[in-house]
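Visitor: I would like a close look at a single part of this model, namely the place where its chains meet. Please take it slowly, and give the cut-offs behind each term.

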Amino acid sequence: MKKSTSWLITGLVFFFAGVIICGVASVLMGFDFTQMEIFASGGFMLW
Amino acid sequence: MKKEAFLNELRSRLSGLPQSDIEDRISFFGEMIDGRMEDGMSEEDAVAGMESVDAIVAQIMSEIPLTRLVQNRVKPKKGHGVLKIVLLICLFPVWFPLFVALAAVLFSLLVAAWAVIISFYITAGSLVIASLACIIATGAYFGIGRIIAGVGGVGAIFVCIGLSILFFLLSIAMTKGVVRLTRKMFIGLKKSFVGREA
């Protein structure tokens with residue numbers, strides 16, 4: 001496997017693992033994902 | 001294709017280069033074909049085994065400096081020198097602004113491309129810093145007993161590291177692309193100085 005491909009896979013794995021962990025933590029903290037404000041604030045934080 | 005036809009094709013594609021360069025190249029490739037024929041290949045096979053004329057011209061273009069091509073191009077030829085100089089001076093108000101505008105457009109495109117690339121590198125760097133900040137924040141959350149928020153922090157660390165890797169990869173790919181594009185632009189510019197005087 002090319003070095004860049006393995007880095008790409010590593011990056012994607014880290015990113016999606018992080019998203020899942022954040023999602024689980026958010027659910028445990030009691031976030032209501034039906035509230036669109038959460039996505040707006042998430043987008044703002046990312047920005 | 002016969003050796004003579006191959007070399008004539010190459011010569012016509014290289015016209016515009018300094019004559020000494022053309023002769024050097026033609027004799028080099030002629031000797032290469034002769035060497036193959038001495039090894040027992042037929043003339044057609046020896047020529048077929050060579051790189052294409054396009055590939056050879058591109059290779060030569062990348063080796064010869066642009067200044068040398070321009071110097072050779074603007075060198076006055078016998079009989080036309082005075083006329084060319086008069087035309088150049090008379091048409092100066094037309095060709096000079098066009099030349100400057102074209103150069104400015106190409107330069108601004110390159111600057112814009114590099115600005116985007118640099119901003120991607122900076123974004124990747126800032127994500128690395130953000131992941132370090134997340135590590136500190138996560139440690140603090142776990143320290144004060146807010147376990148769930150700490151888990152969220154771990155997720156944020158992963159997201160920041162993942163995004164920084166992806167941004168670095170994207171930046172490297174874009175850098176390579178722009179370098180390749182710049183090289184192609186230069187070779188294209190050099191090619192515009194040769195191959196018209198067959």
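Guide: Two residues are in contact if their C-beta atoms, placed from the backbone, lie within 7 Å. The model is predicted, with local features needing pLDDT of at least 70 and side-chain atom pairs counting only at pLDDT 80 or more, while totals for chains, interfaces and linings use all residues. Residues are numbered from 1 along each chain as its sequence is written, and chains are lettered from A and ligands numbered from 1 in the order in which they are written.

With that criterion, the contact draws 17 residues from chain A and 16 residues from chain B. On the side of chain B that touches chain A, 13 residues are nonpolar (Ala, Val, Leu, Ile, Met, Phe, Trp, Tyr, Cys or Pro), 3 are polar (Gly and the others that remain) and none is charged (Asp, Glu, Lys or Arg).

From chain A, the element to follow is α1(A), a helix (a DSSP run of H or I, at least four residues) that has 26 residues and reaches 37 Å from its first C-alpha to its last, close to the 38 Å expected at 1.5 Å a residue (taken over one less than the number of residues). Within α1(A), the residues A:Gly11, A:Phe14, A:Gly18, A:Cys22 and A:Ala25 are buried (20 or more other C-beta atoms within 10 Å of their own), and the buried residues of this helix pack against α8 of chain B. After α1(A) comes A:Gly30, whose phi is positive, near 90°.

The partner, chain B, has 8 helices and 0 strands, and 18% of its 198 residues count as buried. Among the contacts in chain B with a separation of 6 or more, 72% join residues 24 or more positions apart.

The largest nonpolar core (buried Ala, Val, Leu, Ile, Met, Phe, Trp, Tyr and Cys joined through C-beta atoms within 7 Å) has 15 residues, and those with the most contacts inside it include B:Ile157, B:Phe158 and B:Leu163. The elements giving two or more residues to this core are α1 (3–28) of chain A together with α7 (92–143) and α8 (147–191) of chain B, and α8(B) gives the most, with 10 residues. One residue that shows this meeting of chains is B:Ile157, which, leaving aside its neighbours within four places in sequence, is in contact with A:Gly18 as well as with B:Ser131, B:Cys134, B:Ile135 and B:Thr138.

Definitions and conventions:
A residue is buried if 20 or more other C-beta atoms lie within 10 Å of its own, exposed if 12 or fewer, and partly exposed in between; C-beta atoms are placed from the backbone.
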